[in-house]
2 protein chains.
Amino acid sequence: MEKSLDGLSINLATVRRQWSFAEAVDGCLRHGITTICPWRDQIADTGLKEAERIVRSNGLKLTGVCRGGFFPAADAEGRARALDDNRHAVDEAATLGADCLVMVVGGLAPGSRDLGDARAQVTDGLAALMPHARAAGVPIAIEPLHPMYAADRACVNTLGQALDICEAIGGGGIGAAIDVYHLWWEPGLEEQIARAGRMGAILAHHVCDWLVPTKDLLNDRGMMGDGVIDLAGFRGMIEAAGFHGAQEVEIFSDHWWSRPGDEVLATCIERFRANC
Amino acid sequence: MEKSLDGLSINLATVRRQWSFAEAVDGCLRHGITTICPWRDQIADTGLKEAERIVRSNGLKLTGVCRGGFFPAADAEGRARALDDNRHAVDEAATLGADCLVMVVGGLAPGSRDLGDARAQVTDGLAALMPHARAAGVPIAIEPLHPMYAADRACVNTLGQALDICEAIGGGGIGAAIDVYHLWWEPGLEEQIARAGRMGAILAHHVCDWLVPTKDLLNDRGMMGDGVIDLAGFRGMIEAAGFHGAQEVEIFSDHWWSRPGDEVLATCIERFRANC
């Protein structure tokens, strides 16, 4: 029996160079996909009201909205600006009825070499955001990014670290987005996924693949099956921990961005069924 | 008072495109540097006997020999070959009187997606090597590599993981080479460095810097001071843990390999004094 496409979500970054938000939704619907995760710039280009209309009129399910975060700043004014922007991101996720707001937390503050300070600013920023997120009913999903992004994108780099932050903040409504690309190498990963399950903290499961060789730090992520990640084994750990939500395909790739959007979606479906 | 060059070692990979082993030694001596870490291909090109003569006649100190490792293999024959090669590496390090043999442990076995198996093969391979290493009096230094090398170079990616392996093997004579480039992002780093100190397991301290942006996964490492790593803070943690050996400059960089070797060494000295 073929796997139902109910278990597949398309992160719209995967086709961001080919299509606008509306075009991407049309593409997904043509392929029988009704679960997506849009980015805020795509929503802004379309307009939030029109994006909401498209989502509701087509009965789309959103595994998340990408992305809030980027908390560390050089001064109090920068931190206040980041918090304000994150509140807007929460509101957008609430308007669209998304399962969570994904957080790329940010790296070092500008001009800083103090990673400990950046990490403290992230915890403080998330804690400050949580009352607004809880009031809006939007779960906050910290996405640990691969350590190669620690300086400039996210200073939260392991699932263990993300869960420590969730525990430090407490009160619920905050968890993790688990992306195979960022975490497949993490020592003790299975234990951390089980821990996340016990905490009720698995909010999303993102998939792509790690290519060998990887030619670019940012835009050389692989289609599932083209790399070395044991995707089925990874999924097994996540399901064993009690998460059965859709697998969200998020591929930053100059190669796949150069292909027709319909080819990309057809390949995502084929590989989701064969490899995930 | 200027920092003495006794605290500075040059890993000869830093000038490997400019100079042979003998030329690199001459270059170091011209700049007052008497501590180095050669690579096995450089030793092989020179011949082990001639390399030994150069080392002894100049009173050179070796912070290590790079590198053994690459344990995971597809079958028993491959594992036996790797073990045999590692015994030869131990013998070379013993002949040259090096402080340690640095281990880049290897990534996934060819064709495998089983990272757990690769990690088990590394521990098994190191355990099998230890009797020979202990008999030769050569400390084995596991070098955890950045997670972006987990697939193809080293499946040991944190200091914590390396120390776990040292404890699992037991019996002493095995520790870690701590490279700021690979570990600067590790959550709980300070605790792990302190733990390594208590275990007597800090065998080497490698320095360079993490550039933002990093343009290449392999050959875009930075000169100390050009990136975002808090090198002085890192050194403080290592000295607090009881290690006072030389800082070994190891820079894989298309940029620095394109500069004259004397300019590279002069810059290493200047930055060692200013930033480390």
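The following exercises, each with a worked solution, concern a predicted model of two chains.

Residues are numbered from 1 along each chain as its sequence is written, and chains are lettered from A and ligands numbered from 1 in the order in which they are written. Because the model is predicted, local features need pLDDT of at least 70 and side-chain atom pairs count only at pLDDT 80 or more, whereas totals for chains, interfaces and linings use all residues.

**Exercise 1. Determine what turn and shift lay chain A on chain B, and through which surface the copies meet.**

Step 1. Two copies of a chain are related by a rotation about an axis and a shift along it. Here a turn of 180° with a shift of 0.0 Å along the axis lays chain A on chain B, at an RMSD of 0.0 Å. This is the relation of a two-fold axis. The superposition is by least squares on the C-alpha atoms of residues with pLDDT of at least 70 in both copies.

Step 2. Contact requires that the C-beta atoms of two residues, placed from the backbone, lie within 7 Å. By this criterion, 23 residues of chain A are in contact with 23 residues of chain B. The side of chain A that touches chain B is made up of 14 nonpolar, 5 polar and 4 charged residues. Ala, Val, Leu, Ile, Met, Phe, Trp, Tyr, Cys and Pro count as nonpolar, Asp, Glu, Lys and Arg as charged, and the others, Gly among them, as polar.

Step 3. Of the interface residues of chain A, 100% are also interface residues in chain B, so the copies meet through the same surface.

**Exercise 2. Describe the sheet of chain B and locate its edge strands.**

Step 1. The 9 strands form an open sheet in the order β3-β2-β1-β9-β8-β7-β6-β5-β4, with parallel pairing. Strands (E, at least two residues) and helices (H or I, at least four) are DSSP runs, numbered from the N terminus; two strands pair if DSSP finds at least two bridges between them.

Step 2. The edge strands, β3 (61-62) and β4 (65-69) of chain B, each pair on one side only.

Step 3. Within the sheet, 3 bridges join β5 (residues 101-104) to β6 (residues 140-142) of chain B. B:Met103 has B:Ile142 as its bridge partner in β6(B), and B:Ile142 in turn has B:Ala176 as its partner in β7(B).

Step 4. All of β7(B) is buried, 6 of the 6 residues, so this strand is largely enclosed by the rest of the structure. A residue is buried if 20 or more other C-beta atoms, placed from the backbone, lie within 10 Å of its own, exposed if 12 or fewer, and partly exposed in between.

**Exercise 3. Identify which residues of helix α8 of chain B are buried, and what covers them.**

Step 1. In α8(B) (residues 189-198), the buried residues are B:Leu189, B:Gln192, B:Ile193 and B:Ala196. They lie on the same side of the helix because they cover an arc of only 100° around its axis, the arc being that of the directions from the helix axis to the C-beta atoms.

Step 2. Their cover includes α6 (159-169), β7 (174-179), α7 (180-183), β8 (202-207) and α9 (231-240) of chain B.

**Exercise 4. Find where the backbone of chain A has a cis peptide bond, and state the phi of A:Phe70.**

Step 1. Most residues other than glycine have a negative phi, and most peptide bonds are trans.

Step 2. The bond from A:Cys66 to A:Arg67 is cis, with omega near -5°; A:Arg67 is in strand β4 (residues 65-69).

Step 3. A:Phe70 has a positive phi, near 45°, and is located in the loop between β4 and α4 (76-95) of chain A. A:Phe70 counts as buried because it has 20 C-beta neighbours inside 10 Å.
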